[in-house]
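The exercises below each set a task and then work through a solution step by step. Please keep the structure open while reading.

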Amino acid sequence: MPVVDISGHPPDARWVNYHKTGESILSGRFALRSAGLGPGRDDIREGAQATLEWLGDAKKAGIPVRPVGGAWSPSNIQTVQDGWMLNTRRYNRCFRLGEDDFTDRGTVPAKYFLVEGGVQIDEISDKLESDEVGRSLRSTGASNGQTIAGACATGTHGSVLAAGGIQDHVRAVQIVTPSGIHWIEPATPLMSDKFIAATGATMVHRSDEMFAAALVPVGSLGIVTAMVIETVPRFYLQAILKLIDFGRADLQLLADGEFRVFSDKHGLPEEPYFVMVVTNPHKPFRRKAVVRFLYERASMDDCKCAETPAELGAGYDSFTMLGWVLHNLPFANGFIIQTIMRLAVGKGIGPEDKLIGTWGMTTETHKPLAKIFTGALFCERKDLPRLFERGCEAFAGAGGATAVTLRFMKGGHGLLAPARWPETAGMDCDGPDSPRTRRAFAKMLTAFDGQDPIPFTRHWGKENQLDAARVAADYGVDLIRWKAVRNMLLSPADRALFRTQVLDAWGLTA
Amino acid sequence: MDAIALVAVGVLLLMLVGQYFAGMADYYLAIENPRPLDEHEAVITSRWWGFLTQTKSSRVAELVGQGFADIRVFATRRQMMTSILTCGWERSVTVAWRGNAGQHPLGQA
C-alpha cells in the first residue's frame, strides 16, 4: 500500500518545515511511497489510486490535507493546522519513456522522462546527467532540495538568461483530486491514450488553458503525483566567481540585457549562460559585489571537473550563519555583509582555473544552520534600476541585514508564474532571519507601491507578505482564468479539503 | 598583584565565553547525495561529567530500511548555559537526523 500512516513516528503531531519558518500541529501524518513496481506506469497508477483513496478518507472525515515534499518553502505554503499531511519524498522514482508511449510516433523519447511527484531536483539531475543518459535540466533554482512538484508549485526560478522557471520543463501533469485522477497536457496531445490510462488517470484534459493553470498550481489544485518533463542534451558550464566594483552603469547594462558587454567587463569575452550578482544593500555602489557567471561548454576538454558544487560557487546561502550578529549590531550591517561576501568568495574562481561541471553540479542541497530569511521579487527587466535603488534604500535604511541578489530570466510559463514578463529580473533578499529584517522587507515592499509605483510580483515560496487583494492585483485576468480551471478540477467541497491559512490569505481557495 | 589577578580573571572569563560559543557549534555529517526526509531531534544528556549519559526515551524512526541522510549535533544556548552553570555536571546536546528517501535506479516507464 503506497500510502502509509506514520502518525506515531517522530516528529509526531508537531511538524516543522525545512527552514524552520513554520510548523503544523497535525491530526495525522502519512507517507506516499513508491510501491517499487515496474514498469513505471504501474507504480504511478498504484500511487495515484492510493492517493485518491486517502483523499476520500480525508473528505469523509472532514479533515484538511496538505502534501509536502522537500518542505522547502519558507512562505509556509506547506503547513496545515489540525489536518493530515502526506509526505511524498519516498515517492521518488524516474522513468524513461518509449516511442509507443507518445501520440506522435515521431517524438524522440530520449528527450522525455516520467517522474514521480516526490522526486527531488537533485535526484533528477543525477539520473539525467549520468554518462548512460547524457541529458540535463536547462535551469533550476540555486538550491536543489525541492521536489519537482513543489518547485513547480511555486514557479521556482534560476538565473539562466534564456530559460524561465523550472515549470517550463513540464509537458504533462497527473493531479489527483477527490473526484478522480486527472491527466493534463496541452491541446496538442503528447502522451498516448493507452499510456495515460495505464498511469491510472481516468480524466484526460488536453487543454492549453488547463495546462497553463496546472504548471504553477500553488498547492491548490490537488496532489501532483507525476509529470512528464522535457530535457536537453547534457551540457557543461565553466564558472567564474569574483568580487567586482558594481556601479550604476553595470546595473543599467543588466537592465538593458547587455549581458555580453557586462561579461566582457567582468568575466569572459563571450555570451554568458547564467549571470548572478550578489550586492550589499548598504551603499551598493560603493561596496564590492559578487558576480557569478556560467559559460556553456560542449565538452570538458582542457578543463578541470569540479568535484563539489561549492567549487563552482554553489552554497552562497552561507550568509545565513551570522544572524544574531547582524541583528544585534545593525549599525555595522554593511561592513559585516561585505566581510561575509569577501569570505564566501575567497580567492574566487578565475578563467585560469578552468573549473567546469554539469548544470546539476552548479546547484546544491544546503543544510540550514540558522533560521533564514529569504524573499524574492520579480519585475520587468527594464524596471530593475528603479526597483534595486529604491529597494536598497528602503531595506538598508530600515536595518535589513541580508545581501540582495540580482538574477535574470525569461518569463516562465504558467498562469500564476511570478516571473511573468518576457524579460524578467529577480531580486532576492537572502540572509539571516530577524524581526528587523522582516520589518525592513515590508518597508521595501511598501516603497515600491508608493509614488511612481513599480510593478512587481513576489515569489510564492518565499517570504512575501501577500494577501488576496495583492494577488488579485498582481495576476489580474490570469488569476480569474486560473480559478476557472481550479473550479473545473475541484468542487467547493473538494476545495475545502485543500484550504490552509496561507492559501486562504492569498485568496486561492475562495 | 592586583593587576595579575585581574588579567587571570579576564583570561578565565574569556575561556568561559569561548567555551559557551564553541559549545553551540554545529557538527554536521551527511552521506553523499543525501535525499532527506523530515528532520527529527533528540536530546542526549550527560550527567556526572559523562558517567551517566542517556536520552529521555528511545526512538522509533520512520527511516527504517533507508538509513540516515544526515546527522547534526549541536547544543542550544540554554543547554550550553546549563552546562557552564553546573560546571559540566549536566551537559546536554541535541542530535538532529534525517532519514534517506532512498536512491532508485532510472526505470522504464
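**Exercise 1: pairing at one edge**

Describe how β1(B) pairs with strand β4 (residues 68-74) of chain B.

Solution. β1(B) and β4(B) pair in the antiparallel sense over four bridges, where two strands count as paired if DSSP finds at least two bridges between them, and where strands (E, at least two residues) and helices (H or I, at least four) are DSSP runs numbered from the N terminus. Within this pairing, B:Y28 stands opposite B:R72 in β4(B). The model is predicted, so that local features need pLDDT of at least 70 and side-chain atom pairs count only at pLDDT 80 or more, while totals for chains, interfaces and linings use all residues. Residues are numbered from 1 along each chain as its sequence is written, chains are lettered from A and ligands numbered from 1 in the order in which they are written, and side-chain values use heavy atoms, with hydrogens and water left out.

**Exercise 2: the whole sheet**

Determine the strand order of the open sheet in chain B, and find its edge strands.

Solution. The five strands follow the order β1-β4-β5-β2-β3, with antiparallel pairing. At the edges are β1 (27-30) and β3 (52-55) of chain B, each of which pairs on one side only. Neighbouring strands of this sheet are turned by 20° against each other on average, direction ignored, where axes are lines fitted to C-alpha atoms (for helices over the stretch in contact) and angles run from 0 to 180 degrees between N-to-C directions.

**Exercise 3: the partners of β2(B)**

Find how many bridges join β2(B) to β5(B) and how many join β2(B) to β3(B).

Solution. Begin with β5(B), which runs antiparallel to β2(B) and is joined to it by 10 bridges; here B:V93 is the bridge partner of B:I44. Turn next to β3(B), which is also antiparallel to β2(B) and is joined to it by four bridges, with B:R47 opposite B:L52. Finally, the hairpin of β2(B) and β3(B) has four residues between the strands, and in it B:W48 takes a positive phi near 55°.

**Exercise 4: a glycine in chain A**

Is A:G431 buried or exposed?

Solution. First place A:G431 in strand β22 (residues 423-432) of chain A. A:G431 is buried, with a relative accessible area of 2%, given that buried means under 20%, exposed over 50% and partly exposed in between (1.4 Å probe, protein chains only). Although A:G431 and A:T402 are 29 residues apart along the chain, their C-alpha atoms are separated by 4.4 Å.
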